[in-house]
Amino acid sequence: MAKAFGTEFMPEMIISRYADNKWSEAEFVSSESLTLHPGSHVLHYASTCFEGLKAFRHADGSVNIFRMDQNVNRFEQSSRLLALPAVDKSLLHKMIIDIVAKFKDKVPETPGSMYIRPTHIGTEAAIGKAASPSLESLMYVLLTPVGDYFSSDVSLRLLVDDIGMRCAPDNGMIKSGGNYASALKHMIRAKSQYNADQVLFCSEGGVTETGAANFILIDDNEIITKALDESFLHGVTRDSVLTLAREQGYSILERDLSAAELIERSQHPGCEAALSGTAAVLASVGTLIFHDEEYKVGNGLAGPKVTELKKTLNEIQWGIAEDSHNWLTQV
Ligand SMILES: Cc1ncc(COP(=O)(O)O)c(C=O)c1O
């Protein structure tokens with residue numbers, strides 16, 4: 001049986017340490033273990049952030065990383081907003097290229113890819129620092145070969161939760177472990193009570209996102225998705241899909257979408273909804289569960305518009321279509 005997503009790691013990672021106000025030269029080390037002081041800042045005060053991006057193998061044998069600059073920028077931003085030591089973006093850029101180059105031969109054929117996980121943790125051993133930042137940290141990049149996260153005919157069940165919150169509303173644009181841990185209780189309830197695949201967090205300002213993906217609604221020629229603010233993660237896939245959809249003639253409405261409007265629109269014939277994210281790419285949403293009622297989105301099956309947008313994006317990632325936006329970095 002294939003291993004679960006993200007559980008098989010390349011034997012080495014690349015690491016740099018921040019101490020005495022500077023980053024050390026990056027080095028390859030075993031990815032088997034990490035030695036940390038039990039009083040490390042991250043273990044007590046959650047000074048941690050990470051990224052997720054992918055490298056794809058093209059038919060000509062080349063390996064290409066998708067929108068790496070966006071993930072490096074978001075990593076720098078998360079680190080800054082968590083008061084971790086300032087990230088040297090050119091160092092991280094080089095670390096990603098170097099580790100992918102080292103394991104180039106292990107990048108799976110498409111639709112598989114090499115998932116890249118840069119991570120930043122505060123390592124200062126100082127449990128008195130609950131209210132002040134770690135002055136030391138580790139930045140490392142792990143690699144894990146992955147397959148297709150969802151098969152393309154999947155149609156997800158989402159619990160539309162208008163009470164629970166994924167994370168603190170001013171913390172959503174930070175890709176930090178604590179946000180994922182705080183969302184778990186809602187997801188566990190959604191699975192056990194409603195057999196839902198994911199929770200669509202939808203309090204106050206309307207639809208935000210699920211635990212690990214952004215949300216888009218396609219109603220006729222309109223794509224509706226929340227405008228960027230600090231309450232949710234600014235997905236690289238979201239931006240890519242909106243760019244491609246705009247080129248295909250869709251009108252993109254970046255605005256608040258209440259749960260009531262979502263449910264009402266989901267009943268329109270031909271309406272489609274999807275989750276966007278690096279792991280899932282674009283996954284169709286077939287059912288919304290809201291206030292104990294179930295609503296099919298359109299006919300409840302994966303729709304042609306989502307399927308076509310996913311294909312358009314995949315073809316750029318896989319080197320089948322021209323990379324007219326310069327989204328790929330060849331390793
Ligand atoms: C909470 C959350 N929202 C949205 C996304 C989608 O972001 P991206 O498209 O950059 O992967 C992710 C996945 O990384 C996520 O964890």
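This is a short walk through one chain, from its overall dimensions to its two domains, two of its strands, the surroundings of its ligand and a few backbone details.

Let me say at the outset that what we are looking at is a predicted model, so please hear everything that follows as computed from that model. The chain has seven helices and 17 strands. Its radius of gyration is 20 Å, close to the 20 Å that the globule rule gives for 331 residues, and the chain is therefore as compact as a globular protein of that length. If you take the principal axes, the C-alpha atoms fill a box of roughly 60 × 50 × 40 Å. Buried residues account for 42% of the 331 residues, and, among contacts between residues at least 6 apart in sequence, 73% join residues at least 24 apart.

Now to the domains. The domain assignment divides the chain into domain 1, residues 12-146, and domain 2, residues 156-317, and the centres of the two, taken over C-alpha atoms, are separated by 27 Å. Where they meet, 17 residues of domain 1 are in contact with 10 residues of domain 2. On the domain 1 side, the elements that give two or more residues are β4, β5 and α2, the last of these spanning residues 68-81. Helix α2 gives the most to that side, with five residues. By residue class, this side of domain 1 divides into eight nonpolar, five polar and four charged residues.

Let me turn to strand β7, residues 113-122. Seven of its 10 residues are buried, so β7 is largely enclosed by the rest of the structure. What does β7 pair with? With strand β8, residues 137-146, β7 forms 10 bridges in the antiparallel sense, and within that pairing Arg117 has Leu142 of β8 as its bridge partner. Strand β4, residues 48-50, is also antiparallel to β7, over three bridges, with Cys49 standing opposite His120 of β7. Strand β5, residues 53-57, is joined to β7 by three bridges, again antiparallel, and there the bridge partner of Lys54 is Tyr115 in β7. I would add that β4 and β5 are among the elements already named on the side of domain 1 that touches domain 2.

The second strand I would like to dwell on is β11, residues 214-219. Six of its six residues are buried, so β11 too is largely enclosed by the rest of the structure. As a general matter, side chains in a regular strand alternate between the two faces of the sheet. In β11 both faces are covered, with Asn214, Ile216 and Ile218 buried on one side and Phe215, Leu217 and Asp219 buried on the other. β11 pairs with β14 over five bridges in the antiparallel sense, and Ile218 stands opposite Glu272 of β14. Three bridges join β11 to strand β12, residues 222-225, and these two also run antiparallel, with Leu217 opposite Ile224 of β12. β11 and β12 form a hairpin with two residues between them, and in the turn Asp220 has a positive phi of about 60°.

Strand β14 brings us to the ligand. Which residues come nearest to it? Of the 13 residues around the ligand, these are Leu233, Gly235, Thr237, Gly277 and Thr278. The elements that give two or more residues to this shell are α5, residues 236-247, and β14, residues 272-277, and the largest share, three residues, comes from α5. The shell divides into four nonpolar, seven polar and two charged residues.

Finally, a few backbone details. Most residues other than glycine have a negative phi, and most peptide bonds are trans. Against that background, Thr110 and Pro111 are joined by a cis peptide bond with omega about 10°, and Pro111 is placed in the loop between α3, residues 89-102, and β7. Asn21 has a positive phi, near 65°, and lies in the loop between β1, residues 12-19, and β2, residues 22-23. With 8 C-beta neighbours inside 10 Å, Asn21 counts as exposed. His291 has a positive phi near 50° and sits in the loop between β15, residues 281-290, and β16, residues 293-296. His291 likewise counts as exposed, because 8 C-beta neighbours lie inside 10 Å.

Definitions and conventions: Residues are numbered from 1 along each chain as its sequence is written. This is a predicted model: local features need pLDDT of at least 70, side-chain atom pairs count only at pLDDT 80 or more; totals for chains, interfaces and linings use all residues. A residue is buried if 20 or more other C-beta atoms lie within 10 Å of its own, exposed if 12 or fewer, and partly exposed in between; C-beta atoms are placed from the backbone. Helices (H or I, at least four residues) and strands (E, at least two) are DSSP runs, numbered from the N terminus. Two strands pair if DSSP finds at least two bridges between them. Domain bounds come from an automatic or database domain assignment. Two residues are in contact if their C-beta atoms, placed from the backbone, lie within 7 Å. Ala, Val, Leu, Ile, Met, Phe, Trp, Tyr, Cys and Pro count as nonpolar, Asp, Glu, Lys and Arg as charged, and the others, Gly among them, as polar. A residue is near a molecule or strand if its C-beta atom, placed from the backbone, lies within 6 Å of it. The radius of gyration is taken over C-alpha atoms; the globule rule is 2.2 Å times the number of residues to the power 0.38.
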